[in-house]
Amino acid sequence: MVPTSNETEIIFLGFSHNRDVQKIISVFFLLMYTAIVLGNGLIVVTIMASKGLTSPMYFFLGYLSFVEICYCSVTAPKLILDSFIERKVISVKGCITQIFFLHFFGGTEIFLLVVMAYDRYVAICKPLHYTVIMSRRVRGLLVGAAWGGGLLHSFGQTFLIFQLPFCGTKVLDHYFCDVHPVLKLACSDTFLIGTLIIANGGSISAVAFVLLLASYVVILHSLRSQTADGRRKALSTCVAHVAVVSLFFIPCSFVYLRPCVTLPADKIVAVFYTVVTPLLNPVIYSFRNAEVKNAMRRLVRGK
């Protein structure tokens, strides 16, 4: 990056210019962030400590919960702290770092959700071959591919932003650094870089969302041969999963699939995929699961 001014800081405008409103918002974010860390952390500890949760589903769920904690931690803590500081700033290098980790953990989560949908497809549509197909080696390769895909995606986004020269006052009408708001700070033509950012970020979100929906359609289609009780349970699980996946991918697609412009609604939309989804995932994927709840009770009781 070649800044064309001596300024090395970026100023966040946040959600509101009113200090009292900022503090109220920070309290809500603090409560949600605490719930995310405790809920997802409890899932990780439970899966690691329980000898009964050995299914590949729980293996992937443990990694998803860990990624959710990391993903939310990229943005929420700074927003909470900034609400009590008059001048909300971040260094240019810190901003680039935040973009890198935001897209690293966000990309990894996208690929993990696809892996988990494939796991459910194999479990429901090919139950007799499930343990063979989803062997320990295959599970490790799938998780490694998810982390690797997130890293490549993040490196691509960060590399593109790193090429931009910045000039003038660096003010972001947002509460964290992301590619579209930062593009507005550039003092050069950003059409090509913006197009590449859309191709890298938006296409991944759209393709992954279509694959997830297709996998659940196939799963629901295969339920015709199941018993009524089996269909009811699988349908309940699939509907809940699709709801959470939609809360993540629809806002992501809204932000990253359009031309590189910022809208006033972007800050609210970002809350859904950075905070709301990590908050709901433990409820949908774990707390509705009898095996996980029983394992948590045994863990709490120390047995």
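Hi everyone, this is a short walk through the salt bridges, aromatic pairs and a few single residues of one predicted model.

Some ground rules before the details. Residues are numbered from 1 along each chain as its sequence is written, and side-chain values use heavy atoms, with hydrogens and water left out. As the model is predicted, local features need pLDDT of at least 70 and side-chain atom pairs count only at pLDDT 80 or more, while totals for chains, interfaces and linings use all residues.

Let's start with charges. A search of the whole structure finds four salt bridges, each being a side-chain nitrogen of Lys or Arg within 4 Å of a carboxyl oxygen of Asp or Glu. One of them joins D266 and R258, with the closest N and O atoms 2.5 Å apart. D266 counts as buried at 7% relative accessibility, and R258 counts as buried at 13%; the cut-offs are under 20% relative accessible area for buried, over 50% for exposed, and partly exposed in between, with a 1.4 Å probe and protein chains only.

Another salt bridge brings K267 and D173 together at 2.9 Å, N to O. That pair links distant parts of the chain, with K267 in helix α10 and D173 in the loop between β3 and α7, 94 residues apart. Helices here are DSSP runs of H or I with at least four residues, strands are runs of E with at least two, and both are numbered from the N terminus. K267 is buried at 10%, whereas D173 is partly exposed at 47%. There is also a salt bridge between D119 and R120, at 3.1 Å, and both of those residues are buried.

Now for a charge without such a partner. How far from D178 is the nearest side chain of opposite charge? The answer is 8.9 Å, and that side chain belongs to R258; D178 is buried yet has no salt bridge. For this, Lys and Arg count as positive and Asp and Glu as negative, while His and the chain ends are not counted. What D178 does have is a side-chain polar contact with Y256 at 2.4 Å. A polar contact is a pair of N or O atoms within 3.5 Å; within protein, one must be able to donate a hydrogen and the other to accept it, and residues adjacent in sequence count only if both atoms are side-chain atoms. Not counting residues up to four places away in sequence, D178 touches I99, L102, H103, Y256 and Y273, where contact means heavy atoms within 4.5 Å.

On to the rings. The structure holds 19 aromatic pairs. Rings of Phe, Tyr and Trp (its six-membered ring) pair if their centres lie within 6.5 Å, and planes under 30 degrees apart are stacked, over 60 edge-to-face and the rest tilted. F59 and Y63 make an edge-to-face pair, 5.2 Å centre to centre with 65° between the planes. They sit four residues apart in helix α2, so about one helical turn separates them.

Y256 and Y273 form a tilted pair, at 6.2 Å and 55°. Y256 lies in helix α9 and Y273 in helix α10, so this pair ties together parts that are 17 residues apart in sequence. Y256 is buried at 7%, and Y273 is buried at 1%.

Finally, R258 comes up once more: its charged end sits over the ring of F254, 4.9 Å from the centre. The criterion is NZ of Lys or CZ of Arg within 6 Å of the ring centre and within 35 degrees of the ring normal. Thanks for listening!
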